[in-house]
Amino acid sequence: MWRIGDLEIDGGVVLGPMSGFTFASYRDFMKPFGVAVSVSEMVSGMGLVYGQDRTARYLEFGQERPMGIQLFGSKPDAMAEAAVKALEARPTIDFFDFNMGCPVPKVIRNGAGSALMKDPAACGRIIRSMKSAVDVPITVKMRLGWDSESINFREVIDEVVSAGADAITIHARTKEERYTGTPHYDLIEGLQSELSVPLIVSGNIYSLDDAINAMDITGATAVMVARGGIGNPFLVTQIDRYLRTGEVLPNPTVSQQVEWCLELMDMVLEEKGEVMGMSKLRSIVPKFVAGCWNCREYRRDIARHASDRESMVRILMQAEAEMGDKRIYSYGKPAPDCDFGCE
Ligand SMILES: Cc1cc2nc3c(=O)[nH]c(=O)nc-3n(C[C@H](O)[C@H](O)[C@H](O)COP(=O)(O)O)c2cc1C
């Protein structure tokens, strides 16, 4: 057990916020695999202040608790007002996470996301303002710095923790690195022992070994599963089980993957409707058939031919019939003895 402010957290896996992916049904689907804490896609603080309906829709959530809404923006007063408005609309929000890591140009142009890493004092002002406006915990998600010449996460952490931040997530890359290359866990070695609040680490968590490695180096209280969990929900179970018992669970079979994928498809289609749901699923479903023999052709079929739920199900069923009892050998990595027809 650990705490984010006064919230008790049971488990060491945090589901990372991902725009376009971690909408309510996706989070609900992932929760039973062992997610301890879920965070929403980032929500525009200014959108909430201006009362935009489109923004308010991002506050939808399902069964998963504890659950944080992630806000982005750059103005202390507006972010405080956004948090108040979000809580008025959804009084069950457990905490807010504040985004200081987004590298997208349209966000940083407005001084938000990772642009804030350039101004540690401004980071502190925003957190102080949010803390004084609402009673729920406030967490922060940041990067190492803007680029390799300006690694300043310690300074930013000092500012936001003095301002009252209740936990820190650090994505161990700079803004310039976006999502590429190997995360620099070496730069945050032992960081948890220097902090008075829980540390959550993020960056390339695709396997249990990745999670163990990141936690061992940094001493972090929890690890964030983001891209690695898309199409591989059992990764969360593998990490959660290991952290609780030391047990190493084998990878799932293709049959299990197909079963979970069908479950997720129904949940997404129910939340988003056919058109929007299928568009989301086209980027998620192929990832359920990765890391298995001959699965590249199924992924290609899904991308080319799956225009509706029925055709997607048909392709998944073919994959199951051909290799249902085979275990996924690795995620996103080629099989050691693979020659063709696999990746
Ligand atoms: C498509 C996509 C969308 C993302 N959206 C957000 C977001 O809204 N807020 C945020 O703090 N991080 C966001 N992230 C960053 C992830 O939460 C995570 O920190 C990052 O992907 C590193 O972890 P990974 O390498 O294990 O995926 C996003 C990442 C991706 C790939």
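What share of the 343 residues in the protein is buried? In this predicted model, buried residues make up 48% of the 343 residues, and the legends below move from the whole chain to two close-up views.

**View 1. The overall fold of the predicted model combines 13 helices and 10 strands.** The radius of gyration of the protein is 20 Å, close to the 20 Å that the globule rule gives for 343 residues, so the protein is as compact as a globular protein of that length. Taken along the principal axes, the box filled by the C-alpha atoms is roughly 60 × 45 × 35 Å. When contacts between residues at least 6 apart in sequence are considered, 70% of them join residues at least 24 apart.

**View 2. Helix α11, spanning residues 254–284, bends by about 125 degrees at Gly273.** Although α11 has 31 residues, its end C-alpha atoms are only 16 Å apart, which falls short of the 45 Å that a straight helix would reach at 1.5 Å a residue. The buried residues of α11 include Val254, Gln257, Val258, Cys261, Leu264, Met265 and Val268, and also Met278, Lys280 and Leu281. Among the elements that cover these buried residues are α1 (24–30) and α13 (309–323).

**View 3. The surroundings of the ligand comprise 21 residues.** Of these 21 residues, the ones that come nearest to the ligand are Gly16, Met18, Met42, Ala226 and Arg227. Sorted by class, the shell around the ligand has 11 polar residues, together with seven nonpolar and three charged ones.

Conventions
Residues numbered from 1 in each chain as written. Predicted model: local features only at pLDDT ≥ 70, side-chain atom pairs only at ≥ 80, totals over all residues. Helix = DSSP H or I, 4+ residues; strand = E, 2+ residues; numbered from the N terminus. Expected span 1.5 Å × (residues − 1). Bend = angle between axes of the 7 residues up to and from the residue. Buried ≥ 20, exposed ≤ 12 C-beta atoms within 10 Å, placed from the backbone. Contact = placed C-beta atoms within 7 Å. Near = placed C-beta within 6 Å. Nonpolar A, V, L, I, M, F, W, Y, C, P; charged D, E, K, R; others polar. Rg over C-alpha atoms; globule rule 2.2 N^0.38 Å.
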